[in-house]
Amino acid sequence: MRRASLEDIAQLASMCHSLWPDGSIQEHARELSRLLTVTASLMNRRELFRSMAAAAGAAITGVSWRATRTGAFSASQGAAYRPWREASESSGLYRALHAAILAASPHRHTNRGPFQSHRAVAGSALDAISRLNSEPDQIHVRFWTESPQQIRELMIAAAQAVIADRQQNRDSASWFRPTPEAIALHRDGTTIDAQGLSPVMTTVAKLLPGPSDSFADRVFLKRTREVYCGPGAIFGTILVKAPCSKSARVCVGRLWQRMHLWGTAHGIAMQPINQIHERIDREATSRASTTFTRDLSNLIGEPEWRGVFSFRMGYAQRPALPSPRRDLAACLI
Ligand SMILES: Cc1cc2nc3c(=O)[nH]c(=O)nc-3n(C[C@H](O)[C@H](O)[C@H](O)COP(=O)(O)O)c2cc1C
C-alpha cells in the first residue's frame, strides 16, 4: 500500500466536504467517484475489499437506524396523526369537535402530487362548485379556463419572487416540518409525506440528510413549474370586493373548505397555491414593487374584484396523505 501523504489526506478531506451541502446530483456523483478513486489508490486490493465490506455493514446499520428514526417506511404515523384515527372512534359532541379539527372529513387532504393529464374537471363540476358560494355579492370564484397559461406564469413568477425575498422565504420555510420530532412538537405545517411525492421518493427524502436551503428552493421551484402548475389542472382564484375585511377573509376560508369537501366527495383533488397572494401581501407591507398586485389585477380585469386565494383542482395520480393535527384537548379553550 502506498502511504497516504498529507496532500492525499487534504484532497480526501476537501472532497468529503464538497459532497454536501450544495450542488446537483451529478456533481455529487462525480465527486463521490473521484473520492473512491483516490481512496482505492491508497490501498491494496485486500484492504480495499475489507474496507468496502465494513463500509457496507456500517451503511446498512446506519440506513436502518435512520429509517426507523425518520419513519421512512411508515407514512403519516405517530401521535400527531392520532386525531385522524380518533375521529371515527368518538361519539356525540366529541365526534363533532373531532370533525372540526379534520375540516369535517377524514378523507379531505391537500394534494400536492401530479394530476392526470388526460382527464379534465367537467364544466358541470365548476358550476356546482360556484354554487357553493353563499355570498355572491361579496365573493366570486374565477376559474381560469380561458387563460390558464397566464395564471400559471404568474404563479411560477410569484414562487420565484418568494424565493428571492430572503425574509419571506425564511418565514415560509419555517412552516415546513422536516423530521418526526418537529412534527410531534408542532403538530401542524407541511411534511415530507404531504408533498405528494411517489412512495419511493418519499422514503428517499426521509433517509437523506436535510437539504441545503438552495437545494430546497430549487426543488420547490421545479415542483411549482412541473407539478403544481403542470398538466391536468384547472386553476381558480377566489375574488372578494373587500380584501382587507377580516369577515370577508373568514367567508373565503369557509368557502374554500366547502369547495375542497365537495371536490373530495366527487373524487377531485385540490391544492391551494397562494404565492401570488403572499407576494401581494408582502408588497402592501414592504418596499417591494407592486408587480403582483398590478399583474393579478390586470388578469382579473374587473377593478372592483380582488384575488385573495388561488388553487388548482384535478384528478390526482395518487391519493394525498394526511397532515399532522393537534389533539382535541389542545384545541379546546
Ligand atoms: C390560507 C391558506 C393558504 C394555503 N396556501 C397553500 C399553498 O400556497 N400551497 C400549499 O401547498 N398549501 C397551502 N395551504 C394548505 C395548507 O398547507 C394545508 O391545509 C395544511 O398543510 C394542512 O394540510 P391538509 O389540508 O391536507 O389537512 C393553504 C391553506 C390555507 C388555509
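**Stop 1: around the ligand**

Select the shell around the ligand: two of its residues are nonpolar, six are polar and one is charged. This is a predicted model, so treat every value on the tour as computed. Now pick out the members of that shell. They are His 109, Thr 110, Arg 112, Thr 190, Gln 271, Pro 272, Ile 273, Asn 274 and Ser 323. Which of these is the charged one? Arg is counted as charged, so it is Arg 112. The two nonpolar members are Pro 272 and Ile 273. Keep Ile 273 labelled for a later stop.

**Stop 2: the whole protein**

Zoom out. Colour by secondary structure and you should find 15 helices and six strands. How many of the 333 residues, as a percentage, count as buried? The share is 26%. Next, turn on contacts between residues at least 6 apart in sequence. Of these, 79% link residues at least 24 apart.

**Stop 3: the largest nonpolar core**

Hide the surface and look inside. The largest nonpolar core holds 44 residues. Select the ones with the most contacts inside it: Met 155, Ala 158, Ile 238, Val 252, Ala 269, Ile 276 and Met 313. Which helix gives the most to this core? Helix H7, residues 148-164, supplies eight residues.

Stay with Met 155. Leave out residues up to four places away in sequence, and Met 155 touches Thr 224, Cys 229, Ile 273, Gln 275, Ile 276 and Ser 310. Ile 273 is the label you kept: it belongs to the residues around the ligand. Ile 276 has also appeared before, among the core residues with the most contacts.

**Stop 4: two packed helices**

Select H7 together with helix H14, residues 291-300. Two packed helices are described by the angle between their axes and the distance between the axes. Here the angle is about 170°, and the axes lie 11 Å apart. H7 is therefore roughly antiparallel to H14, since an angle over 145 degrees counts as such.

Show the side chains where they touch. From H7, take Gln 150, Ile 151, Leu 154 and Ala 158. From H14, take Phe 292, Asp 295, Leu 296 and Leu 299. This contact has six nonpolar residues, one polar and one charged. Ala 158 was also on the list for the core.

**Stop 5: two residues in helices**

Go to Leu 97 in helix H5, residues 92-101. Leu 97 has 15 other C-beta atoms within 10 Å, so it is partly exposed. Now draw a distance from Leu 97 to Cys 331. They are 234 residues apart along the chain, yet their C-alpha atoms are separated by 9.3 Å.

Jump to Arg 282 in helix H13, residues 275-285. Is Arg 282 buried or exposed? It is buried, because 20 other C-beta atoms lie within 10 Å. Asp 165 is 117 residues away along the chain, with 9.7 Å between the two C-alpha atoms. Beyond its neighbours within four places in sequence, Arg 282 is in contact with Asp 165, Gln 168 and Ala 288.

**Stop 6: two positive phi angles**

Most residues other than glycine have a negative phi. The next two do not follow that pattern.

Select Ser 76, in the loop between helix H3 (45-70) and helix H4 (82-89). Ser 76 is not a glycine, but its phi is positive, about 45°. It counts as partly exposed because it has 18 C-beta neighbours inside 10 Å.

Then select Arg 187, in the loop between helix H9 (180-186) and strand E3 (190-191). Its phi is positive too, at about 55°. Arg 187 has 20 C-beta neighbours inside 10 Å, so it counts as buried.

**Stop 7: two exposed loop residues**

Find His 118 in the loop between H5 and helix H6 (123-130). With 7 C-beta neighbours inside 10 Å, His 118 is exposed. Add Gly 232 to the view. The C-alpha atoms of His 118 and Gly 232 are 6.6 Å apart, across 114 residues of chain.

End at Cys 244, in the loop between strand E4 (234-240) and helix H12 (246-265). Cys 244 has 10 C-beta neighbours inside 10 Å and counts as exposed. Its C-alpha atom is 9.6 Å from that of Val 308, which is 64 residues away along the chain.

Key: Residues are numbered from 1 along each chain as its sequence is written. This is a predicted model: local features need pLDDT of at least 70, side-chain atom pairs count only at pLDDT 80 or more; totals for chains, interfaces and linings use all residues. A residue is near a molecule or strand if its C-beta atom, placed from the backbone, lies within 6 Å of it. A nonpolar core is a set of buried Ala, Val, Leu, Ile, Met, Phe, Trp, Tyr and Cys residues joined through C-beta atoms within 7 Å. A residue is buried if 20 or more other C-beta atoms lie within 10 Å of its own, exposed if 12 or fewer, and partly exposed in between; C-beta atoms are placed from the backbone. Helices (H or I, at least four residues) and strands (E, at least two) are DSSP runs, numbered from the N terminus. Two residues are in contact if their C-beta atoms, placed from the backbone, lie within 7 Å. Axes are lines fitted to C-alpha atoms, for helices over the stretch in contact, and angles run from 0 to 180 degrees between N-to-C directions. Angles under 35 degrees count as roughly parallel, over 145 as roughly antiparallel, 65 to 115 as roughly perpendicular and the rest as oblique.
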